[in-house]
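Open the model in your viewer and keep the sequence panel visible. The stops below each give a selection and say what is found there.

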Amino acid sequence: MLTKLPGNFLLLFSLVIFFSAGLFAQGCSDAGVCTIHSFKPNGLDSISENHNHFKAGISYGAADYSISVFGTYLEYSRQLNDKFGLDAKLTTLSQSGNDISSFGLSDIFINSNYRISNKATLTLGVKIPLSDANKKEDGRALPMDYQSSLGTFDLVLGFGYNVGRLQLVAALQQPLTQNNNAFFAEDYPINSPLREFQSTNQYQRSGDVLLRASYPIDLGQKFRLTPSLLPIYHLANDKYTNQEGIELEIEGSQGLTLNWNLYLDYDLDEKQALQFNVGAPFIVRDVRPDGLTRSFVASLEYRIRF
């Protein structure tokens, strides 16, 4: 049976959500690599007498164009021995706004982790899309902001290192294929809010590199607070093909997004825990055609070791 949460823990989480919701910055863009087990804070400490980890989570985010985004995920990790581990993650996404609602399976992440030492870990994985990113409404393609997946098959590489309690992660997420999105803003009536979206017909998305620095702070025996900085650099301008068949760069889509995250962990018992997470951007890219923009994101995760 789960331990009852103390009232001051729920109060703290509510205050974090309240102040985050008041931020007006835009641009926290995560193509999935930021939430992989080995790239999150405390991801390096997965070796214990319990070799299996199961996680279930939900998230809410405020996106561009008054779109609300709800996500869910299930994740399973298995430590094979002192050096090797595997994890798999299944995600879904629901978007609603401007009288449009969309829901679907997103991606499957499959990753292998190799522990070089007690301080360092290598990760190699793939993101497998469960959608071609070309959902339609009344016969017209929807923009990426309403797609449940980027629709790309991605390579994921990462390296994590601990310096005392400071946890550092560097990672690359590189698309190896592109999606089938066929959205033209011009296909919609002049008074439609979708006329303001970036056209993404034959969309070609560039890769991302990220760094994460996090520092866990113990707050008694059951609580841990972990502030984190997360710069993400989009390596090149994305591209699309216009109605004349000409491939064009989307100017301003290359560049840096700098985000903060705050994690609050609560140990229910020796094997079960809850984690609250809130994040928002400090610095943003000028243009985010992939539909991943979030002014803030809040998530709740339950995990168990066995």
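Start with Lys89 and Tyr73: the charged end of Lys89 sits over the ring of Tyr73, 4.5 Å from the ring centre. Bear in mind throughout that this is a predicted model.

**Aromatic pairs**

Stay with the rings. The model holds 8 aromatic pairs. Select Phe159 and Tyr161 for one stacked case: the ring centres are 6.3 Å apart and the planes meet at 20°, under the 30 degrees required for stacking. Is this pair buried or exposed? Neither word fits, because Phe159 has 35% relative accessibility and counts as partly exposed, and Tyr161, at 32%, is also partly exposed. Next select Tyr60, Phe70 and Phe296, which form one aromatic cluster.

**Strands β8, β9 and β10**

Select residues 154–163, strand β8, together with β9. The two strands run antiparallel and are joined by 10 bridges. Within β9, Pro175 is the residue opposite Asp154. Go to the hairpin of β8 and β9, where 2 residues lie between the strands, and pick Gly164: its phi is positive, near 65°.

Now colour residues 166–175, strand β9, by face. Gln167, Val169, Ala171, Gln173 and Pro175 make up the covered face. Leu166, Leu168, Ala170, Leu172 and Gln174 make up the uncovered one. In a regular strand, side chains alternate between the two faces of the sheet.

Add residues 208–214, strand β10. This strand pairs with β9 in the antiparallel sense, over 7 bridges. To check the register, select Ala171, whose bridge partner in β10 is Leu210.

**Nonpolar cores**

Which members of the largest nonpolar core touch the most other members? They are Ile67, Leu142, Tyr146, Phe183, Leu194 and Phe197, in a core of 13 residues. Select Tyr146 and show its surroundings. Beyond its neighbours within four places in sequence, Tyr146 contacts Ile67, Leu194 and Phe197, and also Gln95, Gly97, Asn98, Ile100, Ser102 and Lys135. Apart from this core lies another, of 11 residues, including Phe109, Leu210, Leu230 and Ile232. Leu210 is thus a stop already visited, as the partner of Ala171. In soluble globular proteins, nonpolar side chains tend to be buried together.

**Loop residues with positive phi**

Most residues other than glycine have a negative phi. Two selections depart from this. The first is Asn98, listed above among the contacts of Tyr146. Asn98 lies in the loop between β3 (84–97) and β4 (100–115), and its phi is positive, near 60°. With a relative accessible area of 28%, Asn98 is partly exposed.

The second is Ser66, in the loop between β1 (52–62) and β2 (68–79). Ser66 is not a glycine, yet has a positive phi of about 60°. Its relative accessible area is 65%, so Ser66 counts as exposed.

**A buried threonine**

Finish at Thr293. Where is Thr293 found? Look in the loop between β16 (272–283) and β17 (296–305). Although in a loop, Thr293 is buried, because its relative accessible area is 2% and the cut-off is under 20%. Show side chains here: that of Thr293 makes a polar contact with the side chain of Arg288, at 3.1 Å.

How values were computed. Residues numbered from 1 in each chain as written. Predicted model: local features only at pLDDT ≥ 70, side-chain atom pairs only at ≥ 80, totals over all residues. Heavy atoms only, no water. Core = buried A, V, L, I, M, F, W, Y, C linked by side-chain atoms within 4.5 Å. Buried < 20%, exposed > 50% of the residue type's maximum accessible area, 1.4 Å probe, protein only. Contact = heavy atoms within 4.5 Å. Helix = DSSP H or I, 4+ residues; strand = E, 2+ residues; numbered from the N terminus. Polar contact = N/O pair within 3.5 Å; in protein donor to acceptor, adjacent residues only side chain to side chain. Phe/Tyr/Trp six-rings, centres within 6.5 Å; stacked < 30°, edge-to-face > 60°. Lys NZ or Arg CZ within 6 Å of the ring centre and 35° of its normal. Pairing = 2+ DSSP bridges.
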